[in-house]
Amino acid sequence: MAPPDTPQPVLDDTAPAGAIDRRFALDVVSRAGGRQMLRCFACGTCTAGCPVAEIDERYNPRRIIRMVLTGLKDEVLQSEFIWLCAGCYTCQERCPQGVHVAEVMRTLRNMAVEEGIVHPAFKAQAELIRGMGRIYEIEDFDNKKRVRAGLPELRKTVEDIKTLFERQKVNERLG
Amino acid sequence: MSDSGNGNKRPYALYLGCTIPARVQHYEIASRKVAKALGIEFTDINDFACCGYPIASLDARTARLLAARNLALAEKAGCDICALCTACTGSLTEAAHELSQNPDLLESTNKDLAAVGLRYTGGVKVRHFVRILWEEVGRQKIEAAVVRRLDGVVLAPHYGCHYLKPSEAHGEFEDCEAPHSLDDLIGWMGARPLDYPGKLKCCGGGVLAVDEKLALAISRGKLRAITQRGADAIALICPFCNIMYDTNQKKIETIFGASYQMPVLFLPQALGLAMGFEPRDLGVQMNRVPPRGLLDKIGLK
């Protein structure tokens, strides 16, 4: 039997097997914007001011932060809600504990991508950027229109972006 | 022209991003006209590409690298950056801020940039065009350039989120919970800036590609609030906010069974009208909802 002053695990080991992954919380904390998350006292200021949560209850930043800290890896990374953040930073600016809420949402998306879960909307945008260096195609027609309006012509493709994507192994992430 | 910190004036490279040249040329046309008349010189850098913003959800490091590539191009040309899109402004500003704070990150970024023959040493200033108008051109010069005051016109300012936030990266140039740069500029044109509930709320554009109805529901709140309070138009500063309120307005009206017919002007278009340009010179014919009532009020058709 362990002596009475041995520190006890903080997380509950009696939860259903596979549901909780303690390393997940620590992994998020070690990444961009994650460190401050440990200060969260779940006041809900993030959710109260969120333009998405106001309309759609699927998205609730306070709940997501608690899920991450609890270690609910699969439930978070496989969810649809991590893709619903509009990225407006209202939560982050208002958090009384300085939690980088919006940055954490971005980090969670990046982690989902590492697990092979890529939202099709972002995948499509990335493929366009890989091909042309931009999201919208500039055709000869557009450049003619620009010249007529007294605007400088634009390059149709910027090859550098392909090189940088390859270097960063973005193509493999896109699946 | 901007002050680079060592007392030398550096020109601004005009950063257009993806959306403006393809979908909202009127914003570019109006901004170039207004800038020229106010003595702001723009350099065009043909190699500029994506700011990185759309990639951040997939891989924030690649997004930062794409932003850094543009910063390096500006540095090579001896320029600071003037952006018209708030998402581009935010992406480039965040990258410039992070790279200035973290020498290891700068070094690893430069290893990647070497693959495309570029290097960034730091110090490129990123500014939204409207911030330059407010901060560097200023009240005196703008009021002196106004020859057709927009008296009696009510404009609802819409601050794009990434114009101000994250505030730390933007150097907290104004309080993101109580900004007034757009209100000030509207006042300098002779128009009245409208105060309204939800003034600082996001347009919803960030979720348009993920859940269209949700995004349009977010935009709808603002259209409703400013219609009830008698705005003649929204004045905004981001192509994506414009897509939400102008391009998608009819769709919002259809989905939610409402009627707004609320004109949406880019702030430089409104300023251009006040500076005596004709609507056609400012691309007003390309605005989806025609600002007829507003033009009537200032004696134009």
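**Exercise 1. Work out whether B:F256 is buried, exposed or partly exposed, and place it in the chain.**

Start with the neighbour count: B:F256 has 15 other C-beta atoms within 10 Å, so it is partly exposed. A buried residue would need 20 or more such atoms, and an exposed one 12 or fewer. Keep in mind that we're working with a predicted model. Next, find the element: B:F256 sits in helix α11 (residues 249–256) of chain B. Finally, compare sequence and space: B:G293 is 37 residues away from B:F256 in sequence, and their C-alpha atoms are 24 Å apart.

**Exercise 2. Find out how confident the prediction is for chain B, and where the pLDDT drops below 50.**

Take the whole model to begin with: ipTM is 0.94 and pTM is 0.94. Now chain B alone: its average pLDDT is 96, and 97% of the residues score at least 70. The stretch to treat with care is residues 1–6 of chain B, where the pLDDT is below 50. In the model, that stretch makes twelve contacts beyond near neighbours in sequence.

**Exercise 3. Describe the side of chain B that touches chain A.**

First, count: 45 residues of chain B and 45 residues of chain A take part in the contact. Then look for the helices involved: α1 (19–23), α2 (25–37), α3 (60–76) and α9 (212–228) of chain B each give at least two residues to this side. The largest share comes from α3(B), with six residues. Last, sort the chain B side by residue type, and you get 25 nonpolar, eight polar and twelve charged.

**Exercise 4. Decide which face of helix α1 (residues 22–30) of chain A is buried.**

List the buried residues first: A:F24, A:A25 and A:V28. Look down the axis of α1(A) and these buried residues fall within an arc of 100°, so they line one face of the helix. Here's the rule behind that kind of pattern: an α-helix has 3.6 residues a turn, so residues three or four places apart point the same way. Now check the other side of α1(A), where A:R23 and A:S30 are exposed. To finish, ask what lies over the buried residues: the cover includes α3 (61–70), α4 (73–77) and α6 (101–114) of chain A.

**Exercise 5. Give the strand order of the open four-stranded sheet in chain B and name its edges.**

The order is β4-β3-β5-β6 (chain B), and the pairing is parallel. Go to the ends: β4 (42–43) and β6 (126–128) of chain B each have a single partner strand, so one side of each has no neighbour in the sheet. Then zoom in on one pair: β3 (residues 12–15) and β5 (residues 80–83) of chain B are joined by four bridges. Within that pair, B:L14 has B:C82 as its bridge partner.

**Exercise 6. Track down the unusual backbone geometry.**

Begin with the norm: most residues other than glycine have a negative phi, and most peptide bonds are trans. A:A42 has a positive phi, near 60°, and lies in the loop between α1 and α2 (45–48) of chain A. A:Y89 also has a positive phi, about 70°, and belongs to the loop between α4 and α5 (90–94) of chain A. Now compare their surroundings: A:A42 is partly exposed, with 13 other C-beta atoms within 10 Å, whereas A:Y89 counts as buried, with 23 C-beta neighbours inside 10 Å. For the peptide bonds, look at B:K165 and B:P166, which are joined by a cis bond with omega about 0°. B:P166 is in the loop between α7 (161–164) and α8 (181–188) of chain B.

Methods: Residues numbered from 1 in each chain as written. Chains lettered and ligands numbered in written order. Predicted model: local features only at pLDDT ≥ 70, side-chain atom pairs only at ≥ 80, totals over all residues. Contact = placed C-beta atoms within 7 Å. Nonpolar A, V, L, I, M, F, W, Y, C, P; charged D, E, K, R; others polar. pLDDT = per-residue confidence, 0-100. Pairing = 2+ DSSP bridges. Arc of directions from axis to C-beta.
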